[in-house]
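Colleague: I am new to this structure and would like a close look at a single part of it. Please set that part in the context of the whole chain.

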Amino acid sequence: MKELYYLLSFLLISMSTYYFITAINFVKRLIAVNILGSGVFLFFVATARNTPSENPDPVPHALVLTGIVVAVSATAFAVSLLLHLSKQREEE
């Protein structure tokens, strides 16, 4: 089952990286970065199950929770920058 999670995380990371490089619109690039982060989070959660004991490793879970908070904050900051950029373009 963990191979499926690794495969899905690899697909999310590769597709979002490709879309980030090829997209022209900044909003679409921001969405691609968020999907990239989701792929990395999925990889970390799948890695947490690779312990010899039955209990998963709590460190990757803590990293994912911290990453989610940072990702939401960074997304909000990026959206505010995009709105400011859009207003500047309308004024010109």
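Which residues does Thr75 touch, not counting residues up to four places away in sequence?

Modeller: Thr75 touches Leu30 and Asn34, once residues up to four places away in sequence are set aside. Bear in mind that this is a predicted model.

Thr75 sits in helix α3, which covers residues 58–91. Its relative accessible area is 18%. Buried means under 20%, so Thr75 counts as buried. That places Thr75 among a limited set, since 16% of the 92 residues of the protein count as buried.

Another residue of helix α3 makes a useful comparison. Leu85 also belongs to helix α3, but its relative accessibility is 30%, so Leu85 counts as partly exposed. Leu85 can also be set against Arg49: the two are 36 residues apart in sequence, and their C-alpha atoms are 43 Å apart in space.

A second buried position lies in helix α1, which runs over residues 2–22 and contains Ser16. The relative accessibility of Ser16 is 4%, and Ser16 therefore counts as buried. With neighbours within four places in sequence left aside, Ser16 is in contact with Ala32, Ile35 and Leu36. The contacts of Thr75, for their part, are Leu30 and Asn34. Ser16 also has a polar side-chain atom that lies 3.2 Å from the backbone oxygen of Ile13.

Now the whole chain. The protein has three helices and zero strands, in the order α-α-α along the sequence. Its radius of gyration is 17 Å, well over the 12 Å that the globule rule gives for 92 residues, so the protein is more spread out than a compact globule. Along the principal axes, the C-alpha atoms fill a box of roughly 60 × 25 × 10 Å.

Contacts can be summarised for the chain as well. Taking contacts between residues at least 6 apart in sequence, 53% join residues at least 24 apart. The contact of Thr75 with Leu30 is one pair to look at in the model.

The surface comes last. The protein exposes about 7,000 Å², and carbon and sulfur atoms supply 72% of that area. As for charge, there are 6 positive and 6 negative side chains, and the centres of the two sets lie 5 Å apart.

To return to the part you asked about: Thr75 is a buried residue of helix α3, and it touches Leu30 and Asn34 beyond its neighbours in sequence.

How values were computed
Residues are numbered from 1 along each chain as its sequence is written. This is a predicted model: local features need pLDDT of at least 70, side-chain atom pairs count only at pLDDT 80 or more; totals for chains, interfaces and linings use all residues. Side-chain values use heavy atoms; hydrogens and water are left out. Helices (H or I, at least four residues) and strands (E, at least two) are DSSP runs, numbered from the N terminus. The radius of gyration is taken over C-alpha atoms; the globule rule is 2.2 Å times the number of residues to the power 0.38. Buried means under 20% relative accessible area, exposed over 50%, partly exposed in between (1.4 Å probe, protein chains only). Contact means heavy atoms within 4.5 Å. Accessible areas come from the Shrake-Rupley method with a 1.4 Å probe; for residues, only the protein chains shown count as cover. Lys and Arg count as positive and Asp and Glu as negative; His and the chain ends are not counted. The place of a charge is taken as NZ of Lys, CZ of Arg, CG of Asp or CD of Glu. A polar contact is a pair of N or O atoms within 3.5 Å; within protein, one must be able to donate a hydrogen and the other to accept it, and residues adjacent in sequence count only if both atoms are side-chain atoms.
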